[in-house]
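Here are some worked exercises to go through with the model open beside you. Try each task before reading its solution.

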Amino acid sequence: MTRTFTSAKATRLNLKDFTSVPMRTFWITSVAFFLCFFAWFGIVPFMPDVVRDLGLSPNQKWNSVILAVAGTVFARLLIGKLCDKYGPRLCYTWLLLLGAIPVILCGLVQTPLQFLICRLFIGFIGASFVITQVHTSLMFASNIVGTANATSAGWGNLGGGANRLGMPLIAAAVIGMGVAEADAWRYSLIIAGIICFLMGIVYYFFTQDTPEGNFSELRAAGKKVKAGKKDEVGFMEALKDYRVWILFVVYAACFGIELTVYGTMDDYLQNTFSLDRITAGNIVLSFALMNIFARTLGGYFGDKFGKLKGLRGRVLFLVAILALEGVMLVTFSAITSLIVGIVFLVAFSLSVQMAEGATFSVVPFINKKAIGSISGIVGAGGNVGAFLAALLLKSKAAVAEQAAINANAGAAEEVVKLAQAEAAATAVSSGYFLIGILVFLAGVLALAIRFSTADEKSAAEDLSYDLPEQLVPSNA
């Protein structure tokens with residue numbers, strides 16, 4: 001007979017704690033997520049080298065952006081269900097070990113087709129986000145789970161921009177050891193893949209599924225972690241909840257757009273403001289660095305509004321911050337001044353990352369018996385959003401670039417490049433404008449998320465059992 005075991009989840013986020021099970025898991029899952037995103041977007045700083053080395057056309061270049069997020073859609077849908085069944089520890093271990101393979105192989109490709117195939121399979125490590133959210137949800141109580149989820153995810157997302165500095169540093173190191181500069185991007189990817197593989201080993205030996213032990217151990221002892229009053233529900237039950245699909249759209253409008261920006265902003269800044277590659281990369285890195293605190297703020301305010309106004313308060317904050325994100329992107333798309341553009345890019349960065357944190361301050365309360373499945377579905381929404389946004393930008397930019405190349409056929413190479421850059425800047429700007437409008441509408445749609453009186457009562461009861469939330473800074 002299975003006995004219900006009430007989980008001793010952490011009720012505070014003490015950033016100086018590296019020994020307790022919840023906080024050790026928090027740090028390891030954050031680092032694992034960081035490395036996955038670092039490797040996932042690790043090729044972006046080297047794209048000019050890849051285009052030259054492999055002879056990619058504008059169409060193939062944009063296809064690589066699309067494929068990098070396409071594979072993650074299916075991986076995220078699957079990984080949530082696997083987490084519910086096998087636990088986040090084993091799922092993360094295997095994702096890191098297997099995901100390292102296409103990262104390493106990408107450094108060995110010789111043709112555009114091989115490159116595109118590797119980009120597709122590298123995208124599978126983007127499912128790491130779902131496992132991170134599931135693992136922190138299992139480790140932290142409801143009074144702090146929004147902040148914990150947002151912080152671990154935000155620090156993980158940082159890897160998507162930190163590679164703008166980290167990958168060139170790795171390349172510089174291998175060049176210093178005698179590797180030809182033309183091959184440095186290949187060695188950098190191989191090294192990133194090896195690091196991911198080693199992290200998989202660390203995850204297996206130094207984490208566990210819940211504060212009480214691994215899923216297999218608890219089941220063998222006839223116990224299960226208590227997540228709510230209802231019996232466990234299946235993946236199909238999660239699919240039937242309309243709120244899950246609204247959050248799917250919402251996450252497409254925040255995380256999906258952040259992914260798209262990570263993949264396209266370097267070129268956009270260079271083409272629009274005539275910046276060099278290093279300066280543009282540093283600005284994108286600054287955008288990513290805001291994940292250190294911005295996503296945490298979204299979860300923190302989600303928790304605060306939850307205490308003040310219940311579950312409806314969490315939703316209303318999500319609506320407001322998502323609408324602000326849309327306004328900031330629309331405004332940024334029309335700006336031609338670098339200084340003003342950076343100001344609105346920072347504002348967009350703050351709002352988009354806060355929206356992500358706010359989304360996952362709502363997710364744990366949709367159905368506590370299907371957190372993994374719901375996290376997987378909502379997480380997949382982020383990649384669907386990135387996929388559709390990349391398709392939209394490709395439909396504009398790739399066509400415009402090719403037209404500019406054709407129109408200037410026979411002209412000097414610098415003239416062709418300038419015309420191509422101007423065409424791409426105009427096309428992407430119009431794409432950002434349209435995406436911003438759609439993001440705003442997604443915020444309006446989020447108003448339709450409702451909770452029953454029983455849901456509100458259950459959340460209030462959970463909160464009354466928890467200690468007051470406390471985010472302990474690292475210098476406290």
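**Exercise 1. Find the charge that sits over the ring of Tyr 204, and give its distance from the ring centre.**

Step 1: The charged end of Arg 89 sits over the Tyr 204 ring, 4.2 Å from the centre. The test asks for NZ of Lys or CZ of Arg within 6 Å of the ring centre and within 35 degrees of the ring normal.

Step 2: A word on what you're looking at. This is a predicted model, where local features need pLDDT of at least 70 and side-chain atom pairs count only at pLDDT 80 or more, while totals for chains, interfaces and linings use all residues. Residues are numbered from 1 along each chain as its sequence is written, and side-chain values use heavy atoms, with hydrogens and water left out.

Step 3: Now take Thr 207, whose C-alpha is 6.5 Å from that of Arg 89, although 118 residues separate the two along the chain. Thr 207 is in the loop between α9 and α10 (215-220); helices (H or I, at least four residues) and strands (E, at least two) are DSSP runs, numbered from the N terminus.

Step 4: Leaving out residues up to four places away in sequence, Thr 207 touches Thr 25, Ile 28, Arg 89, His 135 and Asn 214. Contact here means heavy atoms within 4.5 Å. With a relative accessible area of 6%, Thr 207 is buried (buried is under 20% relative accessible area, exposed over 50%, partly exposed in between, using a 1.4 Å probe and protein chains only).

**Exercise 2. Work out which of the helices α9 and α14 reaches its expected span.**

Step 1: The expected span is 1.5 Å times one less than the number of residues.

Step 2: α9 has 23 residues and runs 33 Å from first C-alpha to last, close to the 33 Å expected.

Step 3: α14 (residues 294-333) has 40 residues, yet its end C-alpha atoms are only 22 Å apart, short of the 58 Å of a straight helix.

Step 4: Look along α14 for a bend, and you'll find one of about 140° at Lys 309. That bend is the angle between axes fitted to the seven residues ending there and the seven starting there.

Step 5: Back to α9 for its surroundings. Its buried residues include Trp 185, Leu 189, Cys 196 and Tyr 203, and among the elements covering them are α1 (21-40), α4 (88-106) and α8 (159-176).

**Exercise 3. Classify the ring pair Trp 245 and Phe 248.**

Step 1: Rings of Phe, Tyr and Trp (its six-membered ring) pair if their centres lie within 6.5 Å; planes under 30 degrees apart are stacked, over 60 edge-to-face, and the rest tilted. The structure holds 27 such pairs.

Step 2: For Trp 245 and Phe 248 the centres are 5.2 Å apart and the planes are at 55°, so this pair is tilted.

Step 3: The two residues are three apart in helix α12, so about one helical turn separates them.

Step 4: Check accessibility. Trp 245 is partly exposed at 35%, whereas Phe 248 is buried at 15%.

Step 5: For a bigger group of rings, pick out the aromatic cluster that includes Phe 33, Trp 40, Tyr 251 and Phe 360.

**Exercise 4. What is unusual about the phi of Ser 274?**

Step 1: Most residues other than glycine have a negative phi.

Step 2: Ser 274 has a phi near 55°, a positive value in a residue that isn't glycine.

Step 3: Place it: Ser 274 is in the loop between α12 (242-273) and α13 (277-289). At 67% relative accessible area, Ser 274 is exposed.

**Exercise 5. Where in the chain is confidence lowest, and where is it highest?**

Step 1: pLDDT is the predictor's confidence in each residue, from 0 to 100. The chain averages 86, with 93% of the residues scoring at least 70.

Step 2: The lowest mean, 42, belongs to strand β1 (residues 3-5), and the highest, 97, to helix α9 (residues 184-206).

Step 3: Over residues 1-6 the pLDDT is below 50, and this stretch has 17 contacts in the model beyond near neighbours in sequence. Residues 226-231 are also below 50, with nine such contacts.

Step 4: Where pLDDT is low, the predicted coordinates should not be read in detail.
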